[in-house]
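Me: Please take a close look at one part of this model, beginning with the side chains that could in principle be cross-linked. After that, set the part against the rest of the chain.

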Amino acid sequence: MKIASAAYPLDVLTSWAQFEDKIEAWVADAAGAGADLLVFPEYGAMELATLDGLKVAGDLEASLFAVSDRLPDADALHVKLAATYGVHIIAASGPAATDTRPVNRARLITPTGQIGVQDKQIMTRFEGEVWDVVPGNNLQVFDTALGKIGILICYDSEFPLLGRALTECDVIAVPSVTETLAGYWRVRIGSMARALENQCVTAMSSVVGDAEWSEALGTSLGAGGIYGPPDNGFPPTGVLAAGALNDPVWTYADVDLDQIANVRADGIVLNRRHWSGQDGRDHPATNVSLR
């Protein structure tokens, strides 16, 4: 398959038609380049709040529910585009209201109209302490016509046990939004580490540019990137493709599922198979004084 990971800028939207045109242009561009799986970023859906005006978009609490109210219509648009262009789309995540507090929700949409839902597992300090966004559903493995796909939303990619829960996945998508170079590299390093441990491919997408109307987003820095294990059949760096920072474009890479299967079966190393070698060795280390 060919994967497209987005470096996606947020806009102040003046009409729903403008949003439809924007998303279709991005999907058409990727599909025209031959992409099969399109990965939009974390909280890319927050631009939908601007349809209710900048006062709502700039209010932390109001913006959560303004976006949540529009997610069903956004999903319907993505279902239509996935069918029209014959692609799988991981729609930009956004807040989805629940019986308690909103969760941060991504959706995987197939050309046949099926929708897989994945919520973020672990909140950043801002999400948990300020915005009061909460963890959602358990991790899912989506068995698709392209292969088995999982989603680790941004901060989730920095936790190896969450990655291990997706060990059956061929591809793990990592939708992200980061405000600093350090944040970008945390998520990128996490994405690369999960590809190493699971001997799979990870696809990181990013929000880029200014959204000064949003207290939650402000200015974002990032790039698209697609990574694999640095092993047989893959680049020695593990980097299949890496976009330029803050360049609002798709980043593409071709991924061969047979290469993933081969490296898992007979790689130079077998990280995925040898995971259980940690059992019994992962208790707190013995403190040895050498004073």
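Reply: In this predicted model, Cys154 is buried, because its relative accessible area is 5% and the cut-off for buried is under 20%. The closest cysteine sulfur to that of Cys154 belongs to Cys200, at 17 Å, which is too far for a bond. A disulfide would need the two sulfur atoms within 2.5 Å. Cys200 is also buried, with a relative accessibility of 0%. For the sulfur of Cys200, the closest cysteine sulfur is in Cys169, 7.4 Å away, and that too is too far for a bond. The count of disulfides by this rule is zero.

Another buried side chain to consider is Val208, which lies in strand β9, residues 201–211. Its relative accessibility is 3%, so Val208 counts as buried. What does Val208 touch, leaving aside residues up to four places away in sequence? One set of its contacts consists of Ala7, Tyr8, Pro9 and Leu10. Val208 also touches Ser220, Gly222 and Ala223, and beyond those Asn246 and Pro248. Ala223 is 15 residues from Val208 along the chain, and their C-alpha atoms are separated by 7.3 Å.

These contacts can be set against figures for the chain. Of its 291 residues, 51% count as buried. Among contacts between residues at least 6 apart in sequence, 65% join residues at least 24 apart. The chain holds seven helices and 13 strands. Its radius of gyration is 19 Å, close to the 19 Å given by the globule rule for 291 residues, so the chain is as compact as a globular protein of that length. Along the principal axes, the C-alpha atoms fill a box of roughly 60 × 50 × 35 Å.

One of the helices, α3, can be followed from end to end. Helix α3 covers residues 60–85, which is 26 residues. From its first C-alpha to its last it reaches 35 Å, close to the 38 Å expected at 1.5 Å a residue. At the N-terminal end, Asp59 acts as the cap of α3, with a side-chain oxygen 3.1 Å from the backbone nitrogen of Glu61. Within α3 there is a kink of about 40° at Leu71, shortly before the proline Pro72. Just after α3 comes Gly86, which takes a positive phi of about 65°.

Which other residues have a positive phi although they are not glycines? Most residues other than glycine have a negative phi. Tyr43 has a positive phi of about 55°, and Asp132 has one of about 60°. Tyr43 sits in the loop between β2 (37–39) and α2 (54–57). Asp132 is likewise in a loop, between α4 (125–131) and β6 (142–144). Are these two loop residues buried or partly exposed? Tyr43 is buried, with a relative accessible area of 4%, while Asp132 is partly exposed at 35%.

To return to the starting point, Cys154 and Cys200 are both buried. The sulfur of Cys154 is 17 Å from its closest cysteine sulfur, and the sulfur of Cys200 is 7.4 Å from its own. The model contains zero disulfides by the rule used.

Terms used
Residues are numbered from 1 along each chain as its sequence is written. This is a predicted model: local features need pLDDT of at least 70, side-chain atom pairs count only at pLDDT 80 or more; totals for chains, interfaces and linings use all residues. Side-chain values use heavy atoms; hydrogens and water are left out. Helices (H or I, at least four residues) and strands (E, at least two) are DSSP runs, numbered from the N terminus. The expected span of a helix is 1.5 Å times one less than its number of residues. The bend at a residue is the angle between axes fitted to the seven residues ending there and the seven starting there. A polar contact is a pair of N or O atoms within 3.5 Å; within protein, one must be able to donate a hydrogen and the other to accept it, and residues adjacent in sequence count only if both atoms are side-chain atoms. Buried means under 20% relative accessible area, exposed over 50%, partly exposed in between (1.4 Å probe, protein chains only). Contact means heavy atoms within 4.5 Å. The radius of gyration is taken over C-alpha atoms; the globule rule is 2.2 Å times the number of residues to the power 0.38.
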